[in-house]
Amino acid sequence: MLKLKLAAAFAVLASPVLATGIEIEVEGEGANGTIKIDLYEDVAPQHAARIAALAAEGAYDGVVFHRVIDGFMAQTGDVQFGKIGGDMRMAGRGGSDQPDLPAEISERSFERGVVGMARGPDLDSANSQFFIMFDAGAFLNGQYTIVGEVTEGMDVVDQIKLGKGRNGAVIGQPDVMKTVTATE
């Protein structure tokens with residue numbers, strides 16, 4: 001039992017210090033500028049750590065906003081299939097090389113500027129993809145992990161190139177997260 005407690009303590013000490021946010025440099029036909037996001041380490045610690053780690057390793061650099069629905073949200077973060085120059089028909093179907101995360105559902109509400117984790121039909125299938133809300137979406141409450149909120153740059157979010165149709169697939173050249181860095 002003591003060995004188990006010691007191993008857990010060393011694992012915590014050996015883990016990287018979490019960033020408190022990310023900064024996204026967006027470039028494209030629609031949006032150009034910086035978006036700053038505060039990650040909710042107290043609300044969704046595993047999801048915040050995943051986003052911060054992927055940002056720190058440069059995994060999000062060059063990833064497109066592949067699904068953008070007017071009045072709803074802009075989705076990005078597919079580090080497997082969503083890189084600029086790749087087959088955009090596959091964007092949104094991948095994740096990272098890390099395992100999926102268990103949901104961290106909170107009492108927070110999906111409001112304008114809130115950042116949520118995208119997932120598949122399984123509640124515990126979030127990985128690397130996330131979305132930024134253009135407007136409130138209470139119907140998402142209790143269904144998706146809220147991982148943060150935009151603190152600066154909602155004007156940039158509002159300019160992200162919109163997709164077409166019900167699924168919001170971006171036609172042509174999508175806007176891209178040119179660089180994403182973890183911040184303190």
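## Briefing: sheet, helix α2 and nonpolar cores

In this predicted model, Glu-23 is placed opposite Thr-181 of strand β9. That pair belongs to a setting in which β1 (residues 21-27) and β9 (residues 176-183) are joined by seven bridges in the antiparallel sense. The wider arrangement is an open sheet of nine strands with antiparallel pairing. The points below cover the sheet, the helix lying across it, the nonpolar cores and the surroundings of Arg-108.

**Sheet**

- The strand order is β3-β9-β1-β2-β8-β6-β7-β5-β4.
- The edge positions belong to β3 (63-64) and β4 (67-69); each has a single partner strand, so one side of each lacks a neighbour in the sheet.
- Strands of a sheet pair through backbone hydrogen bonds, in either a parallel or an antiparallel manner.
- Between β1 and β9, Glu-25 faces Thr-179 of β9, while Glu-23 faces Thr-181 of β9.
- Strands β3 and β9 run antiparallel and are joined by two bridges; Val-63 has Met-177 in β9 as its bridge partner.

**Helix α2**

- Helix α2 (residues 45-56) lies across six strands, namely β1, β2 (33-39), β6 (114-117), β7 (130-133), β8 (146-152) and β9.
- Relative to β9, helix α2 runs at about 115°.

**Nonpolar cores**

- The largest nonpolar core comprises 35 residues, and those with the most contacts inside it are Ile-22, Ile-24, Ile-37, Tyr-60 and Phe-130.
- At least two residues of this core come from each of β1, β2, α2, β6, β7, β8, α3 (154-157) and β9.
- Helix α2 supplies the largest share of this core, with five residues.
- A second, separate core has 12 residues, including Val-43, Phe-72, Met-73 and Phe-110.
- Leaving out residues up to four places away in sequence, Tyr-60 touches Ile-51, Leu-54, Ala-55, Gly-77, Val-79, Ser-128, Phe-130, Met-177 and Val-180.
- Among these contacts of Tyr-60 is Met-177, the residue that is bridged to Val-63.

**Surroundings of Arg-108**

- Arg-108 is located in the loop between β5 (73-76) and β6.
- Its relative accessibility is 36%, so Arg-108 is classed as partly exposed, a category lying between the 20% and 50% limits.
- Beyond its neighbours within four places in sequence, Arg-108 contacts Tyr-40, Val-43, Asn-141 and Ile-146.
- One of these residues, Val-43, is included in the second core.
- The side chains of Arg-108 and Tyr-40 are joined by a polar contact of 3.5 Å.
- Arg-108 and Gly-142 are separated by 34 residues in sequence, and their C-alpha atoms lie 8.5 Å apart in space.

Key:
Residues are numbered from 1 along each chain as its sequence is written. This is a predicted model: local features need pLDDT of at least 70, side-chain atom pairs count only at pLDDT 80 or more; totals for chains, interfaces and linings use all residues. Side-chain values use heavy atoms; hydrogens and water are left out. Two strands pair if DSSP finds at least two bridges between them. Helices (H or I, at least four residues) and strands (E, at least two) are DSSP runs, numbered from the N terminus. Contact means heavy atoms within 4.5 Å. Axes are lines fitted to C-alpha atoms, for helices over the stretch in contact, and angles run from 0 to 180 degrees between N-to-C directions. Buried means under 20% relative accessible area, exposed over 50%, partly exposed in between (1.4 Å probe, protein chains only). A polar contact is a pair of N or O atoms within 3.5 Å; within protein, one must be able to donate a hydrogen and the other to accept it, and residues adjacent in sequence count only if both atoms are side-chain atoms. A nonpolar core is a set of buried Ala, Val, Leu, Ile, Met, Phe, Trp, Tyr and Cys residues joined through side-chain atoms within 4.5 Å.
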